[in-house]
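Reader: I should like to work through this structure feature by feature. Please begin with a single residue and its surroundings.

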Amino acid sequence: MEANANHLPNGEAAAAAVLDSPTNPMVTPLLTDLYQYTMAYAYWKGGKHNDRAVFDLYFRRNPFGGEYTIFAGLEECIKFIANFKMNEGEISFIRQSLSGSCEDGFFDYLRELDCSEVEAYAIPEGSVVFPKVPLMRIEGPVAVVQLLETPLLNLVNFASLVATNAARHRFVAGKSKMLLEFGLRRAQGPDGAITASKYCYIGGFDATSNVAAGRLFGIPLRGTHSHAFVSSFMSPDEIIEKSLKSADGSTICEDFVSLVQTWLNKIKAVQWSKSSNGDTNHSELTAFTSYALAFPDNFLALVDTYDVMRSGIPNFCAVALALNDLGYKAGGIRLDSGDLAYLSSEARKFFQSIEKEFCIPGFGKTNITASNDLNEETLDALNKQGHEVDSYGIGTYLVTCYSQAALGCVFKLVEINGEPRIKLSEDVSKVSIPCKKRSYRLYGKEGYPLVDIMTRENEPIPKVGERILCRHPFNESKRAFVVPQKVDDLLKCYWPGTSGKPRVELPSLNETRERCINQLEQMRPDHMRRLNPTPYKVSVSAKLYDFIHFLWLNEAPVGELQ
């Protein structure tokens, strides 16, 4: 779905200032690098602080060896911009942190500073994005826009990285599997955990174990019990209240514990049961029974505390069948160790045998959840081995983005007072693309995106059916004509300041998630594959190409051979 296209009139800054503050209260004007304030003072001292600047926020390489990225963190950025204001305590701390030679007038300037003169344009959050194309374009007085640089990078870098990681896990797992984010205890601190839960949901996960994230963002919650719960029980005598009302409330089973034991005896009596020649673990059975009495309508058991096939599965089935007698349907099992492909397949066979033996419709399809340090590689391996897992609980490798530490977004000046600027480097990948730009996505006949193209702001908008020359920004020989069947203008105005321009309303979390899922489905499969994906083309117009190289030659010093 498109980002919510309801444009809000913004004649007054107050109309936009009703946006909530950022989720994390630590996101304040002080969440920045010291040199942003030293530069702000130098701008102010030199009378340049109100020079009109344009900065691009973008990244240079896709993460995880892939060829796409999910843009996330925009909502938090716009909330930060909308609420940017320094209080007296913050100004006092900046005064202490800067040189004693700084003039008082600078701190008066900080006291009045806000983002009313700032304009923020961005690609809608949840979009599939690519290197070099600006995710955000920030325009405004150079001093205040520099003060925005570090917090904006902080809010976008990890959010986009973890959303992309989640999307990659979803791609490998497949659309039909339920993905549960279980990373809270392994995440890098409370903020890392909350951030990961939110953006994993955007990236395609279905639920989280993180209760705080569930409350903050409305993400569905999932969770049952741990090995500690199972091993904390010793004997059925520990269950005091044994009665359980039926699902429809019409009857009461006075001794649910005995009903469970009756079903376990029936299971052990059949020849195919691996528990037929021995006892299951009684403390495990007690734990399962106790949990079912507490949550009869949501009974999901962790079955690998002792022995999955000889104890966990038969004990689960006994409790599940007792619940079935009372009109409840068990939620399923979780496997947290061992050979997940083998154990899930064996568990499925056991459930199917139960269904056939005792005529319990649907029991063979009982949900099987797997956890235990899963990542992209293990999901891929399970697919190749064959398995019967319905849901995955994924934590450490997901929320820590174990295979890549950072996305590497940058924030580069591209124009000052209407004059384009360029950042040069011996490493061509670090050369910036100058001037205020517009970005478009061009689609082919099959409906797939073909190429993203950047143009100078005053160039004509690409038209459907009209041939366009797309050039690599730096490689002269890489060029192609494209006749687009559809053209998307990528940058939308999310914060107009006092410019009077209409702004796009921030979408809900679920709308952003839906956008992400839809955008991924639109991508050509070869761009998405895990191994050797085809690079997506990012280009510039012929006019922008010529201007880049004109400015490059104009700014680069000419050497002299001795």
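Author: Asn315 touches Leu264, Thr280, Asn281, Glu284, Leu285 and Phe288, with residues up to four places away in sequence left out of the count. The model is a predicted one, and Asn315 itself belongs to helix α12 (residues 308-325).

Reader: Is Asn315 buried or exposed?

Author: A residue is called buried when its relative accessible area is under 20%. Asn315 has a relative accessible area of 0%, and therefore counts as buried.

Reader: Which residues are in contact with Tyr41, leaving aside its neighbours within four places in sequence?

Author: With those neighbours set aside, Tyr41 is in contact with Ser101, Cys102, Glu103 and Phe106. Tyr41 is placed in helix α2 (residues 34-45). Its relative accessible area is 12%, so Tyr41 is buried. A separation along the chain may also be set beside one in space: Tyr41 and Tyr291 are 250 residues apart along the chain, and 62 Å separates their C-alpha atoms.

Reader: Let us turn to the sheets. In what order do the strands of the antiparallel open sheet stand?

Author: The order of this open sheet of six strands is β16-β15-β2-β6-β4-β22, and its pairing is antiparallel. At the edges are β16 (419-420) and β22, each of which pairs on one side only. Helix α3 (residues 74-82) packs on this sheet and touches β4, β6 and β22; the direction of α3 makes about 45° with that of β22.

Reader: How many bridges join β2 and β15?

Author: Strand β2 (residues 52-58) and strand β15 (residues 410-416) are paired over six bridges in the antiparallel sense. In this pairing, Leu57 stands opposite Phe411 of β15.

Reader: Which strands are joined to β4?

Author: Strand β4 is joined by four bridges to strand β6 (residues 136-141), and the two run antiparallel. Three bridges join β4 to strand β22 (residues 492-495), again in the antiparallel sense. Individual partners can be named: Ala120 stands opposite Ile138 in β6, and Ala122 has Lys492 as its bridge partner in β22.

Reader: Which way do the residues of β4 point?

Author: From strand β4 (residues 119-122), Glu119 and Tyr121 point one way, while Ala120 and Ala122 point the other way. All of these residues are buried.

Reader: What is the strand order in the open sheet with parallel pairing?

Author: This open sheet has six strands in the order β8-β7-β14-β13-β12-β11, with parallel pairing. Its edges are β8 (207-208) and β11 (300-302); each has a single partner strand, so one side of each is left without a neighbour in the sheet. As an example of pairing within the sheet, strand β13 (residues 368-370) and strand β14 (residues 391-394) run parallel and are joined by two bridges. Thr369 stands opposite Ser391 in β14.

Reader: How does one read a pocket, and how much space lies in the largest pocket?

Author: Rolling a probe the size of a water molecule over the atoms shows where empty space is left. Here, the largest pocket holds about 930 Å³ of space. Its lining has 32 residues, and those nearest its centre are Phe182, Ser209, Gly223, Arg334 and Ser371. Elements giving two or more residues to this lining are β7 (178-181), β11 and β14. The largest share, three residues, comes from β14. Divided by class, the lining has 10 nonpolar, 16 polar and six charged residues.

Reader: Which residues lie closest to the centre of the second largest pocket?

Author: The space in the second largest pocket is about 630 Å³. Of the 24 residues lining this pocket, His472, Pro473, Tyr536, Lys537 and Val538 are the closest to its centre. Two or more residues come from each of β18 (449-456), β19 (468-471), β20 (479-482) and β24 (537-540). This lining divides into 12 nonpolar, four polar and eight charged residues.

Reader: Finally, I should like to consider the backbone. Where is Lys132 placed?

Author: Lys132 is in the loop between β5 (128-129) and β6. Its phi is near 80°, a positive value in a residue other than glycine. Lys132 has 14% relative accessibility and so counts as buried.

Reader: What is the phi of Asp373?

Author: Phi of Asp373 is near 50°, which is also positive in a residue other than glycine. Asp373 lies in the loop between β13 and α14 (376-385). At 42% relative accessibility, Asp373 counts as partly exposed.

Definitions and conventions
Residues are numbered from 1 along each chain as its sequence is written. This is a predicted model: local features need pLDDT of at least 70, side-chain atom pairs count only at pLDDT 80 or more; totals for chains, interfaces and linings use all residues. Side-chain values use heavy atoms; hydrogens and water are left out. Buried means under 20% relative accessible area, exposed over 50%, partly exposed in between (1.4 Å probe, protein chains only). Two strands pair if DSSP finds at least two bridges between them. On a 1 Å grid over the protein atoms alone, a cavity is a set of points where a 1.4 Å probe fits but cannot get out, and a pocket is an open set with protein on both sides within 12 Å along at least five of seven lines; lining residues have an atom within 4 Å of a point. Grid points are joined across faces, edges and corners, and a volume is the space filled by probe spheres set on the points. Ala, Val, Leu, Ile, Met, Phe, Trp, Tyr, Cys and Pro count as nonpolar, Asp, Glu, Lys and Arg as charged, and the others, Gly among them, as polar. Contact means heavy atoms within 4.5 Å. Axes are lines fitted to C-alpha atoms, for helices over the stretch in contact, and angles run from 0 to 180 degrees between N-to-C directions.
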